[in-house]
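Please look at the structure below with its bound ligands in view. The report that follows walks through the surroundings of those ligands, one after another.

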Amino acid sequence: MSVTPFEFARAHNERFITELEQFLRIPSISTLSEYAEDVSRAAKWLENHLQAIGLQNVAVYSTDGHPIVYGEWCGVPEAPTLLFYGHYDVQPVDPLDQWHSPPFEPVVQEGKIFARGATDDKGQVFLVLKAIEAWLATKGALPCNVKLLLEGEEEIGSPNLPDFLRANTERLSCDAVLICDTAMAAEDVPSLVYGLRGLAYLELSVYGPRRDLHSGSYGGAVVNPANALAGIIAALHDEQGRVAVPGFYDDVVPLSEEERALLRMLPFDEEAFRTELGVDALGGEKGYTVVERIGARPTLDVNGMWSGFIGEGAKTVLPAVAHAKISMRLVPNQRADHIAHLVAQRIEQLAPTGVRVQVRLLHGADPVIIDRRSFAMEAAAQALEATFGRPAVWQREGGSIPVVTEFQRIFGVPVVLMGFGLHTDGAHSPNEHFHLKNFSRGIEAVVRFFAELSQRAALYAP
Ligand code: BES
Ligand code: MN
Ligand code: MN
């Protein structure tokens, strides 16, 4: 009797989790140079794993930064080709003391696997590998061709990936792109993301006197860079919660009534959202719902700031310099480089005399809107509905995946963002985890997606 891919996945679930634990043990933190070896080790681990599950032309490509892992199975020339993109790099783990167990020693507890990268994005990459394995192990074939592109620099803005795509357009040519690196609207609610915000990230430094000064002997007579920084930051919003930078909203596409209605249909519990965060009120731009503020409106936020004395107790000092990391989340049709330029210009205007400001652009990503009616989206919607037993909802995600606009520009093919995380999974936060239920359902949905894609491509063929 022949085993189906679903039966195979269920039967091998425990082994899958043990393998995922191995992958999660490698601390592939892309932004910290002391982990560069570990990032390479994760690439090597993937290379071995892709070979083990039966992919072909598996290779690790070095770049000016961290390596790219590639593998493919192209055994059905008449069927469509899917390019799967994911990332194996992870975010730093601080604040370390808030983790209940060490971030690179995965533990399974109450149906969740805890580790840095569990949901973003190692767990979600791994479920796709297991869906491929389930097909190859049971049928010796996939219903469509699959190419895998796994990078180690997503969390630092994918600086080397666009060049790689342009240099390898032939090898990577495809009919659709799949990415599993987003969250579902709520538990048990299958979701397709049709928008991602963009990002412009700046580091601002405010320089004052040539050295730190006694705040008694000098305070009151010298412009304090920390005070100046606070003033600049405060002036970047108005009372309506809007970003007070001339031109900031010029290219923003207003939300249509139709889209607002679509977003209102999402299962969103504002009260639960607020209490889970432990705040007594939510903030943001007046005139928009929370869902709209997160997914469909641009923002400006301080990500970190430091200056002067931050040790224990009091030290009376007037700092020589103050720094802040500031990011803007962007929506169509804002462009990252243009917005960075506008904000930098405004900051220079706001700087009082007596200090000097320096603004550096760290990285950027353009915002994305995806066609909800492509054949690939239909295939995804069908696969999700069959797996979850209810239709998928449409979401605009507040986060960013920098390479998506490049896929649209370079390949011009439909992109599907079908993620299995939850916003409460703690991506980028302490105690990151992934629900094993969603890991299994993710495998099933991707198993189905391959078949649906193949069938639909045939339907749509001329
Ligand atoms: N997987 C996330 C994107 C994401 C965020 C999806 C939130 C769903 C919800 C991705 O790994 C990520 O974190 N992207 C960065 C962008 C990058 C340039 C640092 C982000 O959004 O901050
Ligand atoms: Mn991610
Ligand atoms: Mn991330």
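The shell around ligand 1 holds 3 nonpolar, 7 polar and 6 charged residues, where Ala, Val, Leu, Ile, Met, Phe, Trp, Tyr, Cys and Pro count as nonpolar, Asp, Glu, Lys and Arg as charged, and the others, Gly among them, as polar. This is a predicted model, in which local features need pLDDT of at least 70 and side-chain atom pairs count only at pLDDT 80 or more, while totals for chains, interfaces and linings use all residues. Residues are numbered from 1 along each chain as its sequence is written, chains are lettered from A and ligands numbered from 1 in the order in which they are written, and side-chain values use heavy atoms, with hydrogens and water left out.

Of the 16 residues around ligand 1, Glu154, Asp181, Arg329, Ser400 and His428 come nearest; a residue belongs to this set if one of its heavy atoms lies within 4 Å of the ligand. The table lists polar contacts, that is, pairs of N or O atoms within 3.5 Å.

| Side chain | Distance to an oxygen atom of ligand 1 |
|---|---|
| Asp120 | 3.0 Å |
| Glu154 | 2.7 Å |
| Arg329 | 2.7 Å |

Taken alone, ligand 1 exposes 510 Å², of which the protein buries 87%, with areas from the Shrake-Rupley method and a 1.4 Å probe.

The manganese ion (ligand 2) has as protein donors His87 (NE2), Asp120 (OD) and, listed twice, Asp181 (OD), at 2.0 to 2.3 Å. Donors are N, O and S atoms within 2.8 Å of the metal (3.2 Å for Na, K and Ca), and because water is not among the atoms, sites may look incomplete. The 6 donor atoms around the manganese ion (ligand 2) subtend angles of 57 to 165 degrees, and the arrangement is therefore irregular; six donors count as octahedral only if opposite donors are over 155 degrees apart and all others between 65 and 115. Both His87 and Asp181 are buried, which means under 20% relative accessible area.

The manganese ion (ligand 3) is coordinated at 2.0 to 2.6 Å by Asp120 (OD), Glu155 (OE), listed twice, and His428 (NE2), and its site, with angles of 55 to 157 degrees among 6 donor atoms, is irregular as well. Which residue bridges the manganese ion (ligand 3) and the manganese ion (ligand 2)? Asp120 does, and the two ions lie 3.6 Å apart. Asp120 counts as buried at 11% relative accessibility, and Glu155 counts as buried at 14%.

Note on methods:
Four donors count as tetrahedral if all angles lie between 85 and 135 degrees; four count as square planar and six as octahedral if opposite donors are over 155 degrees apart and all others between 65 and 115; anything else is irregular. Buried means under 20% relative accessible area, exposed over 50%, partly exposed in between (1.4 Å probe, protein chains only). A polar contact is a pair of N or O atoms within 3.5 Å; within protein, one must be able to donate a hydrogen and the other to accept it, and residues adjacent in sequence count only if both atoms are side-chain atoms.
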